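Welcome, and let us take a walk through this protein together. Please have a look at the sequence and the model first, and then read on.

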Amino acid sequence: MYESRRLVVVAAAMLVPALCAAGHKPDVENGKATFTMNCGVCHSVQETGGPNQGPNMIGLVGRKAGSQPEFMMYSPALKASGIIWSKKTLDKFLVNPGAMVPGTVMPLQIVDDDTRADVIAYLSTLKKK
């Protein structure tokens, strides 16, 4: 009996750091709610209609920054940035857009790592039909 408890304790001691290192698993639904409340004021996620102060987010991941033809109000800085939106570039941009692209007109920052990961996970689900 004592030996089996010892084995469980040793196994737990080995597993806990691995589980903690795994970090936050992005939550698409939380990302959607966060996006709707904070980003949806400017950005649409509908095929047609919706807010248009910012570009439509459908098909964002994989798209070149400043390249959506239907949106005409990109800053020259963003258009010239050469960025291709990926999870990695979105993560860096959303922490502090002005630091990554000086001259961008994007005002919102998402400084919390988990919240940002959730929003990026949601954006990654938005595909053109």
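**A guided walk through the helices**

Glutamate 47 is partly exposed, with a relative accessible area of 48%. That label fits because partly exposed covers the range between under 20%, which is buried, and over 50%, which is exposed. This is a predicted model, so everything described here is computed from it. You will find glutamate 47 in the loop between α2 and α3 (76-79). Setting aside neighbours within four places in sequence, glutamate 47 is in contact with Ile58, Lys128 and Lys129. With isoleucine 58, the C-alpha atoms are 7.5 Å apart in space, while the two residues are 11 residues apart in sequence.

Now step back to the whole chain. The protein chain has six helices and zero strands, and read along the sequence its pattern is α-α-α-α-α-α. Of its 129 residues, 29% count as buried. About 8400 Å² of the protein chain is exposed, and carbon and sulfur atoms supply 63% of that area. Among the contacts with a separation of 6 or more, 41% come from residues 24 or more positions apart.

Next, follow helix α2, which spans residues 28-39. At its N-terminal end, aspartate 27 acts as a cap: a side-chain oxygen lies 3.0 Å from the backbone nitrogen of glutamate 29. Which residues of α2 are buried? They are Gly31, Thr34, Phe35 and Cys39. Seen down the axis of α2, these buried residues fall within an arc of 100 degrees, so they line one face of the helix. On the other side of α2, Glu29, Thr36 and Met37 are exposed. The cover over the buried residues of α2 includes α6 (113-125).

One of those buried residues, Phe35, leads us on to an aromatic pair. There are three aromatic pairs by the rule used here. In one of them, the rings of phenylalanine 35 and tyrosine 122 have their centres 5.6 Å apart and their planes at 55 degrees, so the pair is tilted. Phenylalanine 35 lies in helix α2 and tyrosine 122 in helix α6, so the pair ties together parts that are 87 residues apart in sequence. Both phenylalanine 35 and tyrosine 122 are buried.

Phe35 also takes us to the largest nonpolar core. This core has 20 residues, and Phe35, Leu78, Trp85 and Leu123 touch the most other members. The elements giving two or more residues to the core are α2, α4 (87-95) and α6. Which element gives the largest share? That is α6, with four residues. For a closer look at one member, take leucine 78: leaving aside its neighbours within four places in sequence, leucine 78 is in contact with Ala65, Gly66, Trp85, Phe93 and Val101.

Our last stop is lysine 87, which is found in helix α4. Is this residue buried or exposed? Lysine 87 is exposed, with a relative accessible area of 52%. Beyond its neighbours within four places in sequence, lysine 87 is in contact with Ile120 and Ser124. The C-alpha atoms of lysine 87 and alanine 117 are separated by 8.6 Å, although these residues are 30 residues apart along the chain.

Definitions and conventions:
Residues numbered from 1 in each chain as written. Predicted model: local features only at pLDDT ≥ 70, side-chain atom pairs only at ≥ 80, totals over all residues. Heavy atoms only, no water. Buried < 20%, exposed > 50% of the residue type's maximum accessible area, 1.4 Å probe, protein only. Arc of directions from axis to C-beta. Contact = heavy atoms within 4.5 Å. Polar contact = N/O pair within 3.5 Å; in protein donor to acceptor, adjacent residues only side chain to side chain. Core = buried A, V, L, I, M, F, W, Y, C linked by side-chain atoms within 4.5 Å. Areas by Shrake-Rupley, 256 points an atom, 1.4 Å probe, with all protein chains shown as cover. Phe/Tyr/Trp six-rings, centres within 6.5 Å; stacked < 30°, edge-to-face > 60°.
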